[in-house]
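I opened this entry to keep track of what I looked up, item by item, with the sequence and the coordinates side by side.

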Amino acid sequence: MPREQFDRKLREIHDDVLIMSSMVEKAIQRAVDALRNRDERTSNAIISDDLAINAKRYEIEELCIHTIALQAPMAADLRNLVAVLFIASELERMADHAEGIARITLMLGDEPLPRPLAEISEMGTRTVDMLRRAMTAFVERDDQAARAICDEDDVIDTLYDTAYHAIIQEMIRNPADVQRLTYMIWTSHNLERIADRVTNICERVIFMVTGQLEEINVSRY
Amino acid sequence: MVIDVTNRPDHGLADRIAAHAETPPLHERIADIAGPVVIEMDGLSAYYGGFRALHDVSFRIPERKITALIGPSGCGKSTLLRCMNRMNDLVHGFRIDGSMRYRGQDLYAKGVDVVEVRRRIGMVFQKPNPFPKSIIDNIAFGPRVNGIKGNTMEIVERSLRAAALWDDVKDKLHQSGLALSGGQQQRLCIARALAVQPDVILMDEPCSALDPIATLKIEDLMRELAEQYTIVIVTHNMQQAARVADYTAFMMMRPDRAGELVEFGDTDTLFTTPRDRRTEDYITGRFG
C-alpha cells in the first residue's frame, strides 16, 4: 500500500535538497574560479547568494519537521528525513566555506596571487565532483558508492598537505608575502573542510540506507 | 545542475533498502533477550477446530518488561495473548501444538490449575468491563474468590493506588464502577487485575476505547507497573507500542491465514532498523 501523500512530501524535500546541493556546488566552483580570475564581482555575488542557501536550509528543515510531526514516519522513512536534516546542515556549512574563499579573493584585492593555485584548483575540482557524486548516492540510496567517496577524502588531505608545506616553504623564502600566502592556506583549508563535509553527507547516506551510524573516514585535520 | 531531478529512481522503498531488509533467517529476526524469562513459546501453533490461527511461534517474554504484539488485523495477536493464560480454553474446538511455558512450567500440561494460571497471569480487555458493582467490590471480588487473606480495605487501597486511581475515587468507593469515566473504568479493571497479586498482566488493546489523555495515563501507568510486573500488550497503535514497549513482536498472516511471528526484538531496533522487509513495510504504513 503506497503512502501517496507522504511519498509526495518526501519527493518535494529531496528535490529541495538537490536544488540546495546544486547551489552549493556552484558556489564552490565559482569561488575557486573567482580566486583564480581575481573576479571581485563574482565573489560578491557568492557572498550575497549565501543568504539564499541559508534560507533554503531553513526551508528544508521546516519541511522535514512538519513531515515528521504530521506523518509520523518510521524506520527507513524516518532515517531518510533525519538524514536530510543533517545533509542540509552540512550543505549550508559547505556554502559558508565557499563564501570564505570569496572573501579571501576580496581581501587580496588587486594584489597578485602569491603562487600558482595548483593544488587548490585540483582540490576545488575534486571536492565539487565528490559532492555531486555524494548527492547521486543520496538520491539512489547507494551506500556502497557513499563509502567509496569517503575514501577519496584521503586524496584531498594529501593535496592539502602538499599545498600547506609548499606555502610554508614559500613563506620562509619570501617573508614579505606571508599575509597573501596565509590567504592561500585559508583557501586550501576551506576546501579541505568541504571535502570532510562531503564525507559527513556520505555517512548520512549510509545511515539512511542501512541504519548504521558510523564514522567512515576520520580526517587528519 | 548535474543531477536530473525529473528522471531518477522511485522514492518508495528502493531496492537497495530492500537488500538490507528482505527476510533474514529466523534466528536473526527473533532476538534473544537478556535477563529472566517469564513466558516461553516454542513452535506454538493454535487451532480453532480445523482452522490454524497461529503457525509455529517461538519467542520469549522477559520479566518486568513490556512486550508489545503488533501486526495487521487477523494476524493472531489476540489469539497468542489469550494462549498465555489459557483464555482460549473457553472457545470450543480450540487446541495448541508446541509448548507454552510459564516460568519453566508447561501451561497446557495435564493437571494445571487454570484458575491459578489466570490469577498469576491476569488480563485487561479492550473495552473497560467493570462489574456492575461498587468500586470496592470490583477490587475485592478477585481476592475473595481466590481466598487471598488480608485486610480488604488495604488490598483495595493498594490496588487502586498502583493503578493511579486512588486519588480519583477514594471519596466514592461505594459508588458503582460503571459511574466512572472510560479511562477511570479501565484503570479500575487494571486495579482489579492487580488485586490478586499477579505476576504477568496481559492487555488486549487496553486503550482502544479511550481518548488520548486517558490513553497517555494508562501508558504512564504501564511504565510504572513494569517495575513490578511483566506486561504483554496487544495494540493496533504502533506509536503506542513504540512509546511504551521495551520489546516488540511483529506478527503477520501467512497465505494460509495462520498468524506467524515475523520479527521480535527490542523496540528501538524494530522501529528504526527492522531486519525484515515485511516489518519495514508495515511500520512505514506501506502494508496493511
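**Cysteines**

I began with A:Cys202, whose closest cysteine sulfur is that of A:Cys150 at 4.3 Å, which is too far for a bond. I kept in mind that the model is predicted, and that a disulfide here requires two cysteine sulfur atoms within 2.5 Å. A:Cys202 itself is buried, its relative accessible area being 0%.

I then turned to B:Cys75 and asked which cysteine sulfur lies closest to its own. The partner I found is B:Cys83, but the separation is 13 Å, again too far for a bond. B:Cys75 also counts as buried, with 0% relative accessibility. Over all chains I noted a count of 0 disulfides.

**Backbone angles**

I next looked for unusual phi values, bearing in mind that most residues other than glycine have a negative phi. A:Ala75 is not a glycine, and yet its phi is positive, at about 45°. I placed A:Ala75 in helix H3 of chain A, which covers residues 75-108, and recorded that A:Ala75 is buried with a relative accessible area of 0%.

A:Arg141 gave me a second case, a residue other than glycine with a positive phi near 50°. Where does A:Arg141 sit in chain A? I found A:Arg141 in the loop between helix H4 (119-139) and helix H5 (143-151). Is A:Arg141 buried or exposed? I entered A:Arg141 as buried, since its relative accessible area is 3% and the cut-off for that label is under 20%.

**A histidine pair**

I looked up A:His189 and located it in helix H7 of chain A, residues 178-210. At 32% relative accessibility, A:His189 counts as partly exposed. I also checked A:His189 against A:His97: the two are 92 residues apart along the chain, while their C-alpha atoms are separated by 9.0 Å.

**Chain A as a whole**

I counted 7 helices and 0 strands in chain A, and reading along the sequence I wrote down the pattern α-α-α-α-α-α-α. The C-alpha trace spans about 70 × 35 × 20 Å along its principal axes. For 221 residues a compact globule would have a radius of gyration near 17 Å, and I noted that the 19 Å of chain A agrees with this.

Of the 221 residues of chain A, 55% count as buried. Taking contacts between residues at least 6 apart in sequence, I found that 85% join residues at least 24 apart. Chain A exposes about 9300 Å², with carbon and sulfur atoms supplying 52%. Its charged side chains number 26 positive and 40 negative, and the centres of these two sets lie 2 Å apart.

**Chain B as a whole**

How many helices and strands does chain B have? I recorded 12 helices and 10 strands. The radius of gyration of chain B is 21 Å, close to the 19 Å from the globule rule for 288 residues, so I entered chain B as being as compact as a globular protein of that length. Taken along the principal axes, the C-alpha atoms of chain B fill a box of roughly 75 × 50 × 35 Å.

I noted 53% of the 288 residues of chain B as buried. Among its contacts between residues at least 6 apart in sequence, 70% join residues at least 24 apart. The accessible surface of chain B comes to about 13000 Å², and 48% of that belongs to carbon and sulfur atoms. I closed with the charges of chain B, 36 positive and 38 negative side chains, the centres of the two sets lying 5 Å apart.

Note on methods
Residues are numbered from 1 along each chain as its sequence is written. Chains are lettered from A and ligands numbered from 1 in the order in which they are written. This is a predicted model: local features need pLDDT of at least 70, side-chain atom pairs count only at pLDDT 80 or more; totals for chains, interfaces and linings use all residues. Side-chain values use heavy atoms; hydrogens and water are left out. Helices (H or I, at least four residues) and strands (E, at least two) are DSSP runs, numbered from the N terminus. The radius of gyration is taken over C-alpha atoms; the globule rule is 2.2 Å times the number of residues to the power 0.38. Buried means under 20% relative accessible area, exposed over 50%, partly exposed in between (1.4 Å probe, protein chains only). Contact means heavy atoms within 4.5 Å. Accessible areas come from the Shrake-Rupley method with a 1.4 Å probe; for residues, only the protein chains shown count as cover. Lys and Arg count as positive and Asp and Glu as negative; His and the chain ends are not counted. The place of a charge is taken as NZ of Lys, CZ of Arg, CG of Asp or CD of Glu.
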